[in-house]
Amino acid sequence: MTISVLNRTDTAAPKQAEPTLGALHDRAGQVDEDLLPCRINNPELWFAELPVDVEFAKTLCQDCPVQALCLDGALERREPWGVWGGELFLQGVVIPRKRPRGRPRKDEAAA
Ligand code: SF4
């Protein structure tokens, strides 16, 4: 009787880059800088106070060639703040949107 063993160590799948800031910097250095939205637009948008600006930055990230690596790294580093990879981070987690300043209206649930 012959027993065959599946060797999973020699797969031909390409290795994914570790999602470090260094890897992101290296990958970003390999693409045309004009394709990186946070390099050609005002970088303050990615750390903006106004929710409309934050949403605009998230939209701009959608066309970025390093978006997946950027997002993976931000998740792994638990970024404290800002837009990374098309998502808004606050205290290390992704939140759906930035709240405007001030207290919520008392009748907001009815609105
Ligand atoms: S995905 Fe990352 S690198 Fe690309 S524009 Fe957004 S924040 Fe910048």
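In this predicted model, the ligand is surrounded by Pro-37, Cys-38, Trp-46, Cys-61, Cys-64, Val-66, Gln-67, Cys-70, Val-83 and Gly-85. Sorted by class, this shell holds eight nonpolar and two polar residues, with no charged residue present. Two helices, α2 (37-40) and α4 (67-77), each contribute at least two residues to the shell. As for its location, the ligand sits in the largest pocket.

Several of the residues around the ligand reappear when the nonpolar interior is examined. The largest nonpolar core comprises twelve residues, namely Ala-23, Leu-24, Ala-28, Leu-36, Cys-64, Val-66, Leu-69, Cys-70, Leu-71, Ala-74, Trp-84 and Phe-89. Helices α1 (21-29) and α4 are the elements that give two or more residues to this core, and α4 supplies the largest share, with four residues. Cys-64, Val-66 and Cys-70 thus belong to the ligand shell and also to this core. Leu-36, another member of the core, is in contact with Ala-28, Val-31, Cys-64, Pro-65 and Val-66 once its neighbours within four places in sequence are set aside. A second core, separate from the one just described, has nine residues, including Trp-46, Ala-48, Cys-61 and Leu-88. Trp-46 and Cys-61 from this second core are likewise found around the ligand.

Helix α4 deserves a look of its own. Within this helix, Leu-69, Cys-70, Leu-71, Gly-73 and Ala-74 are buried. The buried residues of α4 pack against helix α1 and against two strands, β1 (81-84) and β2 (87-90). One of these buried residues, Cys-70, is also part of the shell around the ligand. Just after the helix, Arg-78 adopts a positive phi of about 50°.

Turning to helix α3 (residues 51-61), we find Pro-51 within it. Pro-51 counts as partly exposed because its relative accessibility is 23%, whereas buried means under 20%. With neighbours within four places in sequence left aside, the contacts of Pro-51 are with Lys-98, Arg-99 and Pro-100. For Arg-99, which lies 48 residues away from Pro-51 along the chain, the C-alpha separation from Pro-51 is 6.6 Å. Cys-61, a residue of the ligand shell and of the second core, falls within the range of this helix, α3 (residues 51-61).

Definitions and conventions. Residues numbered from 1 in each chain as written. Predicted model: local features only at pLDDT ≥ 70, side-chain atom pairs only at ≥ 80, totals over all residues. Heavy atoms only, no water. Near = heavy atom within 4 Å. 1 Å grid on protein atoms, 1.4 Å probe; cavity = no way out; pocket = protein on both sides within 12 Å on 5 of 7 lines; lining within 4 Å. Sits in = over half its atoms within 2 Å of the grid points. Nonpolar A, V, L, I, M, F, W, Y, C, P; charged D, E, K, R; others polar. Core = buried A, V, L, I, M, F, W, Y, C linked by side-chain atoms within 4.5 Å. Buried < 20%, exposed > 50% of the residue type's maximum accessible area, 1.4 Å probe, protein only. Contact = heavy atoms within 4.5 Å.
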